[in-house]
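Grab a pencil and work through the exercises below with the sequence and the 3D view open. Try each task yourself before you read the solution.

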Amino acid sequence: MQVGGFFISVPNTNIEITALAADVLKLRVGAGTKAQPSSLTPVLSRREREARRSQPADAQRAGVVEERSDFPPLPAGEGRGEGERVTQPQSGLQLRRTAHRLTLTTTVGKFSLNRRTGAWTLHDHTGLEIFRCSAFALTDAQPQLTLQLADGESIFGLGESTGPCNKRGLIREFWNADVLGHASCIHPGLRNLYVSIPFALSLREGRAAGLFWDNPARQTWDIGCTEPDEFRLRAGTGGGSLYLFLGPTPADVVLRFTELTGRMPLPPRWALGYHQSRYSYGSRAELERIAREFRRRKIPCDALHLDIHHMDAHRVFTFGKTFPRPSEMLAKLARRGFKAIAIVDPGVKDDPKFGVLKRGVAQRAFVKASGGKRDFIGKVWPGKSRFPDFLNARVRHWWATEQAVFQRLGLAGIWNDMNEPALFDTPGKTLPDDVQHECDTSTARDLFSLAPIGGEGRGEGAARALAASLPNLPSKGRGKLVPHAAVHNLYGSAMASASRAGALLAAPDKRPFILTRAGYAGIQRHAAVWTGDNSSTWEHLAESIPMLLNLSLSGVAFCGADVGGFLDNCTGELLARWTQMAAFTPFFRNHANNDSRPQEPWAFGPAVEARCRDAIALRYQLLPYLNCLFAEAHRTGTPIMRPLLWHHPNDPAAVACEDQFLLGESLLVAPILRPEARVRSVYLPVGQWFDFWSGGLYDGGQHVLIEAVPEHIPVFVRGGSVVPTGAPRQFISGEAEPVVNLHVWPHGRGAFTWQEDDGESLGYERGELAMRTIEFVDRGPRRELVLGTTQGAWPSRVKTWRIVLRSARRAYRVWVNGSRMAAGFEPELGVCLFEVANAPGELRIKWL
Ligand code: MIG
């Protein structure tokens, strides 16, 4: 794909400006600067780019990929020379140059650079200033930029971090680290966590813009802390690339950001269910007992996690003697509808008799200590260990093969932990800065942060290509030596990518489930993310909301926090409230530490068990809705769990709200975040809202006081929504349910895309899915639900749509494609009900 833009140079700083789209600009230090000291050259015909890339100076800039772009290529010769003004009529790009200024105009924005100082501004087409950068140096030594913060500007995103949703006023760092107990009430000074996504979503007076500094070295962002109006960004080393997104809505920014960094491939459907974990279920007997309890107590559950005690003395890819005959055990669990997910840490025990170590040494798979001669050795769970160099494709392949052998025992998923990487004894608790990676030039940044072109980033393309090319891998090839400090934040993503390849190798047509603790921008292409070691405290329950919301805004749609809290001892009330909330978050797993009290849903007696069961059961009934949200996140990058500002950027109360969230567009969740709360204040944005439980109608644009009952948390449904639900079930795998309910809530209009597929294969990438729009139009007395024509090569498994008209006063007169139909009415529930046989063509359902 071609990119439009101009390669321009300013004294001392040669900046390459590329318009990837009218609303996405990329700035970087040009690689071809020496050849063209002060030229004004249109960039990037493919040939030019390839020619440049083959130069050694450029080889290290492995971040160079040919991004998707809206623009046609510049015709050869056009814009060359020293002209003062260059236009590219077909794309609306225009470049003007004076002695002091360089201005690049697109149809929606104007970037203007001071050629002497390097300072720049970005305006939108109405003249509104979006960014003003006073100091700019994307050089290898002390890379930095300083932006002006506008009055009332808020900064969201930044991936995974503690503290309030809006990061203005804080200092945050990007340096993946293992942090035990990370709530800001415990660690007020904490600046960094396990995942680094140097992406900011700026919002002021409803107008959104974004920036992404693609540089996996340490970064420090002072977001109006030292100087209230200054946003100072610094990196330890490496220029990287700076991407600017013009918006103007939060969705515009995030959709572009995820177009660039890639979107989540569809997970297997069972992964949307409830997961149970503990550090650790220590034996086969214990694991089987947990599985039995779930079924006996009729608490739905799909996945059980095996933490580090499954291993033989912490040797990766092994089962110890407390787990005899693992494949038999896994098959037995599978027959009862349980998937098993095993933890895999990067450290390989330095035991000369250990097969994985021996093969790794033979492959030269491990990172080297400073000097590059010996493998680096550091301490983690297995004791002295070596660390695979995941930045090297040869090593990722090798790891994938080792993992595949292990996974073929019957493991449905892999959980990557400690992959910051975390070390026990080194001063920085990670690999030393001068450890050496042997980056193969093709993989440094492009594989991990930026999505491969041609749509591959949306699916399994990259991972599969990696798995498929296995036999052809040169085992002796030498890559480029790069110090750990320059690529630290990539280690987790690189490991997750290897892990994904391993899963595909073990089962080539099954969707992988990979869970990771560490990652960098683009991690959503490889794995789901959980937020690490939180604590069993009310503060931590509350804090998980802004954390997950900002992760979601940063491209990571499939995320969740340990339900019940990891560290310390949970209480029954906290577990119930946490489970009630987390049933509405994308990744739903209860997990607890080795010295915490039992934390399974039944561990606090029958009352708490009942509340947890109800919350989990509701989650399973919402699966058709969740499934559509996951599909949308996969297609467009739209978060599953959304801050209110996503749909209400102009509403200051919605923008400031961080103790509630939206699940999709239709459900507003207001968790109970305090013990023994009797009421909670809920902010309802403009519109009409229904109480999910009672059906009561509320006007939005106000705070309402809602009674906090123990049985459930406040949830509201937006007027004008269609919410698909299914029958309760104990686990997900197996046949899809033939009846889907469509709950239609009046007062407004709404639409969503229905998607169905087999839930486990990669067929959806080949178009094996059923898709149709479902639209509800509320025109006073006449109301209409339109199910558009079904697209796609997968025959829908839905036999019957059960239409549930909520807030109904009588049995309406109903027509389906013009024919009259009978409908029932349940006065005590206020619902009018009827069934419509599914058909692939348009279904037009009217009622009066
Ligand atoms: O040093 O595998 O965040 O979920 O249970 C602790 C044991 C290592 C940290 C993970 C946690 C996991 C634990 N791990």
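**Exercise 1. Between which strand and which helix does the loop with Pro 248 lie?**

Before you start: this is a predicted model, where local features need pLDDT of at least 70, side-chain atom pairs count only at pLDDT 80 or more, and totals for chains, interfaces and linings use all residues. Residues are numbered from 1 along each chain as its sequence is written, and side-chain values use heavy atoms, with hydrogens and water left out.

Step 1. Pro 248 sits in the loop between strand E19 (241-245) and helix H3 (250-261). Helices (H or I, at least four residues) and strands (E, at least two) are DSSP runs, numbered from the N terminus.

Step 2. Now check the bond leading into Pro 248: from Gly 247 it is cis, with omega near 15°.

Step 3. Look for another cis bond. Glu 420 and Pro 421 are joined by one, with omega about -5°. Pro 421 belongs to the loop between strand E26 (413-416) and strand E27 (436-439).

**Exercise 2. Phe 317 and Arg 325: what is the sign of phi in each, and is each one buried or exposed?**

Step 1. Start with the general rule: most residues other than glycine have a negative phi, and most peptide bonds are trans.

Step 2. Read off the angles. Phe 317 has a positive phi, near 65°, and Arg 325 has a positive phi of about 45°.

Step 3. Find them in the chain. Phe 317 is in the loop between strand E21 (303-306) and helix H5 (326-335), and Arg 325 is in the loop between E21 and H5 too.

Step 4. Apply the cut-offs: buried means under 20% relative accessible area, exposed over 50%, partly exposed in between (1.4 Å probe, protein chains only). Phe 317 has 12% relative accessibility, so it counts as buried. Arg 325 has 51%, so it is exposed.

**Exercise 3. Which residues come nearest to the ligand?**

Step 1. A residue is near a molecule if one of its heavy atoms lies within 4 Å of it. There are 13 residues around the ligand, and Asp 307, Asp 417, Arg 517, Asp 533 and His 591 come nearest.

Step 2. Sort the shell: eight are nonpolar, one is polar and four are charged. Here Ala, Val, Leu, Ile, Met, Phe, Trp, Tyr, Cys and Pro count as nonpolar, Asp, Glu, Lys and Arg as charged, and the others, Gly among them, as polar.

Step 3. Go through some N and O distances. The side chain of Asp 533 has an N or O atom 2.5 Å from a ligand oxygen. For Asp 417, a polar side-chain atom is 2.7 Å from a ligand nitrogen. In Trp 381, a side-chain N or O atom lies 3.3 Å from an oxygen of the ligand.

Step 4. How much is covered? On its own the ligand has 350 Å² of accessible area, and the protein covers 94% of that (areas come from the Shrake-Rupley method with a 1.4 Å probe; for residues, only the protein chains shown count as cover).

**Exercise 4. Which helix gives the largest share of the largest nonpolar core?**

Step 1. A nonpolar core is a set of buried Ala, Val, Leu, Ile, Met, Phe, Trp, Tyr and Cys residues joined through side-chain atoms within 4.5 Å.

Step 2. The largest one has 168 residues, and Phe 513 is one of those touching the most other members. Helix H11 (residues 538-553) supplies the largest share, eight residues.

Definitions and conventions: Polar contact = N/O pair within 3.5 Å; in protein donor to acceptor, adjacent residues only side chain to side chain.
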